[in-house]
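Reader: I would like a close look at a single part of this chain, with the cut-offs behind each term spelled out. Please take one residue as the starting point and work outwards from there.

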Amino acid sequence: MMKKSFKDFVTQDVGKVFFNGDEFADLHVWQGKEVLMIVEDDENNKSSNLEKEHSLVTKDVYFADKTVRVQAGLISKPRNGARITLDDRLYNVVHSDVDTGMLTIKLQANEV
């Protein structure tokens with residue numbers, strides 16, 4: 001039997017701790033399905049490199065940026081550029097990545 005690494009223990013604990021509804025995660029509606037996830041508003045991204053690159057063509061357009069974290073395997077990893085709904089609002093997927101049992105998705109939507 002192989003010895004478990006620290007990364008193995010972290011991956012195992014992701015579902016028990018971070019995505020526990022009594023701890024950090026809350027129920028959200030992802031593409032019409034209720035899923036326990038952590039959703040953060042990225043207010044500090046207002047001056048991000050991505051926004052700076054787009055500032056020439058999107059002058060006076062504001063974005064709502066969010067970071068979504070969900071236990072890997074509960075939802076499919078979306079492709080960059082995909083349009084998804086989160087809590088009945090339409091977003092574009094800017095980036096997604098899986099690491100240590102966690103799927104992290106960066107979303108962006110135009111502010112209304």
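Author: K66 is buried, at a relative accessible area of 16%, where buried means under 20% relative accessible area, exposed means over 50%, and partly exposed lies in between, computed with a 1.4 Å probe on protein chains only. The model is a predicted one, in which local features need pLDDT of at least 70 and side-chain atom pairs count only at pLDDT 80 or more, while totals for chains, interfaces and linings use all residues. Residues are numbered from 1 along each chain as its sequence is written, and side-chain values use heavy atoms, with hydrogens and water left out.

K66 belongs to strand β3, which covers residues 63-71; strands (E, at least two residues) and helices (H or I, at least four) are DSSP runs numbered from the N terminus. If neighbours within four places in sequence are set aside, the contacts of K66 are V39, E40, D41, D42, L86, Y91, I105, K106 and L107, a contact being heavy atoms within 4.5 Å.

With D41, K66 also forms a salt bridge through the side chains, at 2.2 Å from N to O. This pair joins distant parts of the chain, since K66 sits in strand β3 and D41 in strand β2, 25 residues apart. A salt bridge here requires a side-chain nitrogen of Lys or Arg within 4 Å of a carboxyl oxygen of Asp or Glu, and by this rule there are two. In general, side chains of opposite charge can pair when their charged atoms come close. D41, unlike the buried K66, counts as partly exposed at 48% relative accessibility.

The other pair is R69 with E40, whose closest N and O atoms are 2.7 Å apart; here too distant parts of the chain are linked, R69 being in strand β3 and E40 in strand β2 (residues 33-41), 29 residues apart. R69 is partly exposed at 23% relative accessibility, and E40 is partly exposed as well, with a relative accessible area of 35%.

Among the contacts of K66 are L86, I105 and L107, and these three are also among the residues that touch the most other members of the largest nonpolar core, which has 15 residues. Such a core is a set of buried Ala, Val, Leu, Ile, Met, Phe, Trp, Tyr and Cys residues joined through side-chain atoms within 4.5 Å. Strands β2, β3, β4 (83-86), β5 (89-99) and β6 (102-110) each give two or more residues to this core, and β6 gives the most, with four.
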